[in-house]
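Here is a short round of questions and answers on one protein model. Keep the structure open as you read.

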Amino acid sequence: MTFGWLILIGSAIIVLGGFALVYFILAPRNLFFTFVSEGTAKAVVKGDAFCRFLMVWENHRFKEDGSWEVIEGKTRKRLFGGLVFYGIPPIHRIWSYPFSWINYTHDGKIQEHSKRWIDYVLLKEDVYYFKVEKAEDVKRLPLDVDVIIVARVVNPYKALFMVENWLEATINLLRPAVRDTITKAEFEILIKSIRNIGDRIYEELNRPNGAITLIKNRYGVEVLDLQIVDINPPPEYREATLKEFEAEQKRKAIVVEASAEVARLEAVYKAIQEFGDLGRLIRTLEAIEKSNLAAALSVHAVPGLSEALKGVFGHSEVSSEEIKQLRGALIRLNEAIQELKGDK
């Protein structure tokens with residue numbers, strides 16, 4: 001192997017080793033190099049003073065007027081993707097700041113990101129969640145309102161350096177509009193028109209010189225949509241409403257049951273009327289049957305039974321043949337009543 005080949009191989013090892021050093025050690029620690037994810041931007045500062053932004057987002061670029069406003073436009077392809085050389089520390093460094101936010105996922109779940117130090121600004125639109133607590137309706141019922149907004153940073157310089165926390169400032173300007181809308185109607189009406197409420201609030205805020213325009217001009221954040229996802233009364237209100245609902249359902253059930261019983265009694269009474277004195281006998285025997293002392297009762301021990309038998313047969317002392325006839329009549333009457341009750 002010639003000396004030239006040794007130099008070539010050695011150079012390749014140095015280059016690969018150097019690239020591995022940059023890719024796996026320096027860039028993850030923001031030393032000389034950094035990784036910029038797609039759809040984000042990072043701020044480079046020099047002695048704690050803003051220097052420039054690094055952005056990686058296909059078909060997007062910064063305006064050339066120095067405003068750092070993000071616009072659509074062709075961008076050159078980067079050889080190493082999001083790997084970018086930004087400067088020499090400690091003269092230069094990547095700006096980082098504490099930030100917390102709450103996302104609303106596509107499946108309707110709330111995903112909270114606690115405060116942490118981050119070194120980037122998300123430029124792509126995202127769905128953010130916030131709550132407006134104890135917003136009173138027209139009857140002064142305190143309500144908790146769950147709100148989501150679709151927003152994106154269109155000017156990272158304003159979002160990072162013109163306000164302490166761009167998301168918090170944005171939400172603070174939107175909250176009063178949500179609260180004001182809630183005070184104009186009753187909870188029962190609000191809960192039935194949640195979608196319309198969000199559209200109405202957004203339309204009101206999106207007027208010229210409205211809050212949405214102010215947020216974009218001052219904080220560099222564009223609010224694309226606002227929606228109400230839920231309105232919740234206090235737990236005690238829900239409990240009272242549930243009890244009221246259960247009581248109403250119970251009342252309806254009693255009314256239905258009573259109506260059915262009235263109809264049944266009317267049908268049975270009609271059948272009893274058709275049997276004349278025999279009907280009175282059935283009612284008497286029915287009373288005996290329900291008694292725990294039925295086995296110990298005699299004809300004369302039951303008030304009215306003797307008279308009922310006399311009304312059917314003309315006398316209270318009946319023969320076995322007459323008892324047989326009575327039994328047959330009772331069976332036919334029982335079958336008729338069972339049909340009326342719907343047992344057959």
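Q: What share of the 344 residues is buried?
A: This is a predicted model, where local features need pLDDT of at least 70 and side-chain atom pairs count only at pLDDT 80 or more, while totals for chains, interfaces and linings use all residues. Residues are numbered from 1 along each chain as its sequence is written, and side-chain values use heavy atoms, without hydrogens and water. Buried means under 20% relative accessible area, exposed over 50%, and partly exposed in between (1.4 Å probe, protein chains only). Of the 344 residues in the protein, the buried share is 34%.

Q: Which helix gives the most to the largest nonpolar core?
A: A nonpolar core is a set of buried Ala, Val, Leu, Ile, Met, Phe, Trp, Tyr and Cys residues joined through side-chain atoms within 4.5 Å. The largest one has 51 residues, and Val145, Trp166, Ile228 and Ile231 have the most contacts inside it. Helices (H or I, at least four residues) and strands (E, at least two) are DSSP runs, numbered from the N terminus. With 7 residues, the top contributor to this core is helix 3 (residues 166-182).

Q: Which residues does Trp166 touch, not counting residues up to four places away in sequence?
A: Contact means heavy atoms within 4.5 Å. Trp166 is among the residues with the most contacts inside the largest core. Its partners are Phe99, Tyr128, Val153, Ala159 and Val221.

Q: Is Phe32 buried, partly exposed or exposed?
A: Phe32 sits in the loop between helix 1 and strand 1 (33-35). Its phi is near 70°, a positive value in a residue other than glycine. Because its relative accessible area is 32%, Phe32 is partly exposed.

Q: Is Lys134 buried or exposed?
A: Lys134 belongs to strand 11 (residues 126-136). Its phi is positive too, near 55°, in a residue other than glycine. With a relative accessible area of 64%, Lys134 is exposed.

Q: Which residue does a cis peptide bond join to Pro89?
A: The partner lies in the loop between strand 6 (83-85) and strand 7 (92-94). Omega of the cis bond is about 5°. The residue is Pro90.

Q: Which element has the lowest mean pLDDT?
A: pLDDT is the predictor's confidence in each residue, from 0 to 100. The protein's mean is 81, and 68% of its residues reach 70 or more. Helix 2 (residues 156-161) has the highest mean among the elements, 98. The lowest, 55, belongs to helix 8 (residues 277-290).
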